[in-house]
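The exercises below are meant to be worked through with the model open beside them. Try each task before reading its solution.

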Amino acid sequence: MKVAYYPGCSLSGSAKELDISIKAISGPLGMELIEVPDWNCCGASSAHSTGHFLSFALPARNILKAESTGCQEFTAPCPACYVRTFLAQKQFNEEPEMKQHLENALGQKFGPSSIGIKNVIEVFMDKFTQNFVKKPLKGLRVVNYYGCALVKPPKIFRFFDDPENPKSLDKLMETCGAESIEWPYKTECCSASLCFTNQDATFKACRDILQVARDAGAHAIVVACTLCQSNLDMRQSQVNKKYRTNFNIPVIYFTQLMGLAMGIPADRLGLDKLFVDPKPLLRSLNLI
Amino acid sequence: MREVNITQTLSQNKDFLKKLRKESGQNPGQCFQCMKCTGGCPFQFTMDYPPSQIMRMLQDGLVDQVLNSFTIWTCATCSTCTTRCPRDIDIAKLMDTLRVIAYHRGIAGKGRNMRVFHTTFMNSVKNNGRLYEIGLALGINLGTGNLMQDTDVGLPMFMKGKISILPHKIKGLNEIKKLYDYARKIGE
């Protein structure tokens, strides 16, 4: 099955390992990823803080490019990209005034948009079954951290999961053979959108999440969001410095763990790109 | 607390409140102060007014205080408030709209860093079509004067191959330019 793939800016930079691991697992799961041609930044989170038109038009251009590939589905791994693109399609089809603006700006007429906008969890959730698991992640205890953007706000987006107690990642991890621990911070915001501008808020939010994960007895935090990942992983050393804590919790993309469970070698999953090295943990459980 | 003549503030700000309702599609008048938004807000501790108070201030026409608040800038748009509001107000969307209005009015105040961030970000996308992460980080440090911010994570990021030194420019930059030009034309 062909899927239009929108990596977004972070997957070619700070979240390279998500891109690497998605590409590693999608083939075996029967998916062919077609990169959206000449895609542009979706504008999150500055476009919607500075105007209405660009926050719609930037992702709308990507949708038009994706439609040109002939794929039925579009997927954006970064939740911020996903949300902005989903919203842009809704406006494209339901707000004639906005669409008119876009047509005026580009000097072209457009028909309605029909490509299905899906989050990458949604895409994999349907396809990943026990049959793909070659090497169960036995003994690995994780907390699944969804962050805020993936599941909120539910009244506007038709989300695939519960906004207060989502389960999709938990189920994926259980299929992988890992133990998903219940914890109360599944969807607490990590403050990534403030990580350049109000770092006190960011460090406190990250400290709280890391602390609750550790108290829950997790070996690792499983994430799907690029911004959550870099905040909790890259900034873990900064949190330790500020709060004199000694967190050393690997923050791993669900796609990397799915890859491991599918028997894909660790060096093809971008594990070396994580800041808190997950290898000692994985080695101690004989998973790599 | 000082006295406020609500009849006066409301009549002075009638047009603004109408514009806010239209642009956001939300009516703050629906709020009955249950405070679920404030209770669930992860960043209330860094705000000058909690979200429920912003709602009340809008009901009372205290527009200047709202537009000059730090709250509208330090809202992380996590939408926990929107998810839980029993009156179905999209509070995060209201915050977004207030931020857009404050941005265009040139109100900086306590949200100065955020203004620098958003301006640098949008310029990066305008010039390249994609976000140029190093350029963004440098631009923010220069713009805010926090020159040493995140220098400790810069080198490790580079060593892990997560930073590209040069920006990637997309082929369709002329289309991006058309979109930006149009945004300016319609006053955004």
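Two strands are said to pair if DSSP finds at least two bridges between them. The model used throughout is a predicted one.

**Exercise 1. The open sheet of chain A**

Work out in which order the four strands of the open sheet in chain A are arranged, and which of them stand at the edges.

Step 1. Begin with one pair: strand β1, residues 2–5 of chain A, and β2(A) are joined in the parallel sense over four bridges. Within this pair, A:K2 has A:E32 of β2(A) as its bridge partner.

Step 2. Extend the view to the whole open sheet, where the four strands of chain A follow the order β2-β1-β3-β4 with parallel pairing.

Step 3. Read the edges from that order: β2 (32–35) and β4 (116–119) of chain A each have a single partner strand, so one side of each is left without a neighbour in the sheet. From one strand to the next, the twist averages 35°.

Step 4. Add the helix that packs on this sheet, which is α5 (residues 79–94) of chain A, in touch with β3 (73–76) and β4 of chain A. The direction of α5(A) makes about 160° with that of β4(A).

**Exercise 2. Strand β5 of chain A and its partners**

Decide whether strand β5 (residues 141–145) of chain A is largely enclosed or left open, and find the strands that β5(A) pairs with.

Step 1. Count the buried residues, remembering that a residue is buried if 20 or more other C-beta atoms lie within 10 Å of its own. Four of the five residues of β5(A) are buried, so this strand is largely enclosed by the rest of the structure.

Step 2. Look for the partners: β5(A) runs parallel to strand β6 (residues 179–180) of chain A, to which two bridges join it, and A:V142 stands opposite A:S180 in β6(A). With strand β7 (residues 220–223) of chain A, β5(A) pairs in the parallel sense over four bridges, and there A:Y145 stands opposite A:V223.

**Exercise 3. Buried parts and the nonpolar core**

Find which residues have the most contacts inside the largest nonpolar core, and how many residues of helix α10 of chain A are buried.

Step 1. The largest nonpolar core has 137 residues, and A:I221, A:V222 and A:L257 are those with the most contacts inside it.

Step 2. Take A:L257 as the example: leaving aside residues up to four places away in sequence, it touches A:L137, A:M173, A:C176, A:A178, A:V222 and A:I252.

Step 3. Turn to helix α10 (residues 226–233) of chain A, which is mostly covered, with eight of its eight residues buried. Among these buried residues of α10(A) are A:T226, A:Q229 and A:D233.

**Exercise 4. Chain B and the side that touches chain A**

Describe how chain B is built, and establish which helix gives the most to the side of chain B that touches chain A.

Step 1. Chain B has 12 helices and zero strands. It is divided into domain 1 (24–107) and domain 2 (111–185), and the centres of these domains, taken over C-alpha atoms, are 27 Å apart.

Step 2. Of the 188 residues of chain B, 39% count as buried, and its C-alpha atoms fill a box of roughly 55 × 40 × 30 Å along the principal axes.

Step 3. Turn to the contact, which takes 50 residues from chain B and 46 residues from chain A. Helices that each supply at least two residues of the side of chain B include α7 (80–84), α8 (91–104) and α9 (112–128) of chain B, and α9(B) gives the most, with seven residues. By class, this side of chain B has 24 nonpolar, 13 polar and 13 charged residues.

**Exercise 5. Unusual backbone positions**

Locate the cis peptide bonds described for chain A, and determine whether B:T77 and B:D150 are buried or partly exposed.

Step 1. A cis peptide bond, with omega of about 0°, joins A:A44 and A:S45, and A:S45 lies in the loop between β2 and α3 (47–50) of chain A. Another cis bond runs from A:K152 to A:P153, with omega near -10°, where A:P153 belongs to the loop between β5 and α8 (168–176) of chain A.

Step 2. B:T77, in the loop between α6 (71–74) and α7 of chain B, has a positive phi near 55° although it is not glycine. B:T77 counts as buried because it has 24 C-beta neighbours inside 10 Å.

Step 3. B:D150, in the loop between α10 and α11 of chain B, has a positive phi near 65° and is likewise a residue other than glycine. With 17 other C-beta atoms within 10 Å, B:D150 is partly exposed.

Terms used: Residues numbered from 1 in each chain as written. Chains lettered and ligands numbered in written order. Predicted model: local features only at pLDDT ≥ 70, side-chain atom pairs only at ≥ 80, totals over all residues. Domains from an automatic or database assignment. Buried ≥ 20, exposed ≤ 12 C-beta atoms within 10 Å, placed from the backbone. Axes fitted to C-alpha atoms, helices over the stretch in contact; angles between N-to-C directions. Contact = placed C-beta atoms within 7 Å. Nonpolar A, V, L, I, M, F, W, Y, C, P; charged D, E, K, R; others polar. Core = buried A, V, L, I, M, F, W, Y, C linked by C-beta atoms within 7 Å.
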